[in-house]
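Hi everyone, thanks for coming. I'd like to walk you through one structure today, starting at the ligand and working outwards.

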Amino acid sequence: MSEQSRSEGNGKATAVEGKNSLTVTDNRTGKTYDIEIKDGTVRAMDFRQIKVDDDDFGLMTYDPGFTNTASCRSAITYIDGERGILQHRGIPIEELCEKSTYLEVAYLLIHGHLPTQKELDGWVYEITHHTYVHENMKSFMQGFRHDAHPMGMLLASVGALSTFYPEAKNIDDEEQQHLAAVRLIAKMPTLAAFAYRHSLGLPYVYPDNDLSYAGNLLSMLFKMAEPRYEPDPRLEKALDTLFILHADHEQNCSAAAVRVVGSSRVDPYTAIAAGVAGLYGPLHGGANVAVLKMLQRIGKVENIPDFLETVKQGKERLMGFGHRVYKNYDPRARIIKSHVDEVLEVTGKNSPWLEIAVELEKRALDDEYFTSRKLYPNVDFYSGLIYEALGIPTDAFTVMFAIPRTSGWIAQWLEMLHDPELKIARPRQIYTGELNQRYVPIEERG
Ligand code: CMC
């Protein structure tokens, strides 16, 4: 079976027929057990009954990095990693990028269906009118050092939002759930832009509610002395497409963090801050930064063979390549790649790194090391080049990823809240330390 999101019902992904069970013989005791297989999955708890004697705790499963463990049932995002397919609520990403807008996709992820015109108008209106943040939030951000990393500032400020909206702690109240969703999607660009302007020592720009979601972000990032910032519609469209591509990606590190932290029934702002924290890392959302730094280090096309050699020797990784789920070209990378030239054309910039990236991709896809490990470009391989062309400093790239991923995190958080099987996340461990040691007084310690 290909490596894919398991889907339930309709026989879409896993046909479950006949006697669906696994017969396991414990060779320690000779006992045999029948374990139910449902949706191509066995329940880890069904193994607990397998014991050598009554004192035995029972068999556990061990899965570092959750490489083969489904932690939830989800109807939000479907990925078929072998075939390079990504769908949100069953709609292919290619179609969404072509026909939809980011805010419509956010609605789709959160509500489970495409909005009617009236629903969409209401949704866009609400989000547009919640973009302002409390003035104290501005002072809070001004307290950071001049060289604070924008992602660190975003992480802290999203967490701080929970102190401004204590009523959001009523997580079972549907009105509060909705308000938190709207506020988070609306305020994330404002916080991200404030963090970006802070890192440049520039005054913060307030939201312009007459602009689109992407246009307003461009205004908050780049407006200087002009009375009104007019975003280029082509850049607005490219950014909106980039946002659609980053909206959700099922149970990745940050979505899992939102669910794990959210399972403690903490408020949504704090749960989403956990998602921002997960995204910060270079193996997740921080990879777009790592890609640009890597391209800069390579410096010129002639250095690519040497660089690939160091990767193959295991001394470093080819950033923007490889994915836990995709064992084929990441469909998001394909769409992003098609926008790089267009953005460079509008900005009139000539990216020295694009040529290196294109050649690096070509050579890696021709190389047995990468093909045998099914390593293909992922979403981050080309996104950094677009951000750079837009004039965004490298350190702020991950912040650009966090803005659209917020809708995915909220959808995951809401789905988790309504899951009848929800339990606080609490993994087990295999204890490998000592037991029953004597406490040695400090004067006796060597
Ligand atoms: N460059 C070189 N070798 C790699 C790479 C890479 N980017 N990724 C995986 N490999 C090799 C790895 O060394 C291993 O080889 P071997 O079998 O000889 O030991 C094999 O491929 C399997 O790697 P893995 O680490 O077991 O794979 P994983 O599923 O745990 O890691 C990953 C997935 C995304 C963390 C990894 O591919 C990686 O580090 N990529 C670079 C970082 C990156 O681009 N991250 C962005 C991911 S997409 C955006 C997002 O969702 O956040």
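Let's begin with who surrounds the ligand. The shell around it is made up of nine nonpolar, six polar and four charged residues. One thing to keep in mind as we go: this is a predicted model.

Which of the 19 residues around the ligand come nearest? Those are His284, Arg317, Leu318, Gly320 and Arg324. If you like polar contacts, here are three to look at. His284 places a polar side-chain atom 2.4 Å from an oxygen atom of the ligand. For Arg324, a polar side-chain atom lies 2.8 Å from a ligand oxygen, and for Asn378 that distance to an oxygen atom of the ligand is 2.9 Å. As for cover, the ligand on its own has 930 Å² of accessible area, and the protein covers 73% of that.

Now let's leave the ligand and turn to helix α2, which spans residues 102–111. Nine of its 10 residues are buried, so the helix is largely enclosed by the rest of the structure. The buried ones include Tyr102, Glu104, Tyr107 and Ile110. Right after α2 comes Gly112, with a positive phi near 90 degrees.

Two of those tyrosines bring us to the rings. How many aromatic pairs does the structure hold? There are 14 of them. Take Tyr102 and Phe243 as one of these: their ring centres are 5.7 Å apart and their planes meet at 70 degrees; planes over 60 degrees apart count as edge-to-face, so this pair is edge-to-face. Tyr102 sits in α2 and Phe243 in helix α8, so the pair ties together parts that are 141 residues apart in sequence. Buried or exposed, these two? Both Tyr102 and Phe243 are buried.

The other tyrosine, Tyr107, forms an edge-to-face pair with Trp123, at 5.5 Å centre to centre and with 85 degrees between the planes. Here α2 is linked to helix α3 (residues 117–128), where Trp123 lies, and the two partners are 16 residues apart. Tyr107 and Trp123 are buried as well. Elsewhere, ring pairs join Phe321, Tyr369, Phe370, Phe381 and Tyr382 into a cluster.

On to the strands. Strand β1 (residues 21–26) pairs with strand β2 (residues 31–38) in the antiparallel sense, over six bridges. If you want a register marker, Val24 stands opposite Tyr33 of β2. The hairpin has four residues between its strands, and Gly30 in this hairpin has a positive phi near 80 degrees.

There is also an open sheet of three strands, in the order β4-β5-β6, with antiparallel pairing. Why is one side of β4 and of β6 left without a neighbour in the sheet? Because β4 (77–80) and β6 (91–92) stand at the edges, and each has a single partner strand. Between β4 and strand β5 (residues 85–88) there are four antiparallel bridges, and Ile79 stands opposite Leu86 in β5.

Next, something for those of you who check backbone torsions. Most residues other than glycine have a negative phi. Here are two residues to set beside that. Glu250 is not a glycine, yet its phi is positive, near 45 degrees. You'll find Glu250 in the loop between α8 (233–246) and α9 (253–262). Its relative accessible area is 14%, and since under 20% means buried, Glu250 counts as buried.

Asn436 also has a positive phi without being a glycine, in this case about 50 degrees. Asn436 belongs to the segment after α17 (397–417). What is its relative accessibility? At 79%, Asn436 counts as exposed.

One last stop, in helix α9, where Ser254 is found. Ser254 has 0% relative accessibility and so counts as buried. Its side chain makes a polar contact of 3.0 Å with the side chain of Asn252.

That's my tour. If you'd like a place to start exploring on your own, try the polar side-chain atom of His284, 2.4 Å from a ligand oxygen, or follow the ring pairs out of α2 to Phe243 in α8 and to Trp123 in α3. Thanks, and I'm happy to chat afterwards.

Definitions and conventions. Residues are numbered from 1 along each chain as its sequence is written. Side-chain values use heavy atoms; hydrogens and water are left out. A residue is near a molecule or strand if one of its heavy atoms lies within 4 Å of it. A polar contact is a pair of N or O atoms within 3.5 Å; within protein, one must be able to donate a hydrogen and the other to accept it, and residues adjacent in sequence count only if both atoms are side-chain atoms. Accessible areas come from the Shrake-Rupley method with a 1.4 Å probe; for residues, only the protein chains shown count as cover. Ala, Val, Leu, Ile, Met, Phe, Trp, Tyr, Cys and Pro count as nonpolar, Asp, Glu, Lys and Arg as charged, and the others, Gly among them, as polar. Buried means under 20% relative accessible area, exposed over 50%, partly exposed in between (1.4 Å probe, protein chains only). Helices (H or I, at least four residues) and strands (E, at least two) are DSSP runs, numbered from the N terminus. Two strands pair if DSSP finds at least two bridges between them. Rings of Phe, Tyr and Trp (its six-membered ring) pair if their centres lie within 6.5 Å; planes under 30 degrees apart count as stacked, over 60 as edge-to-face and the rest as tilted.
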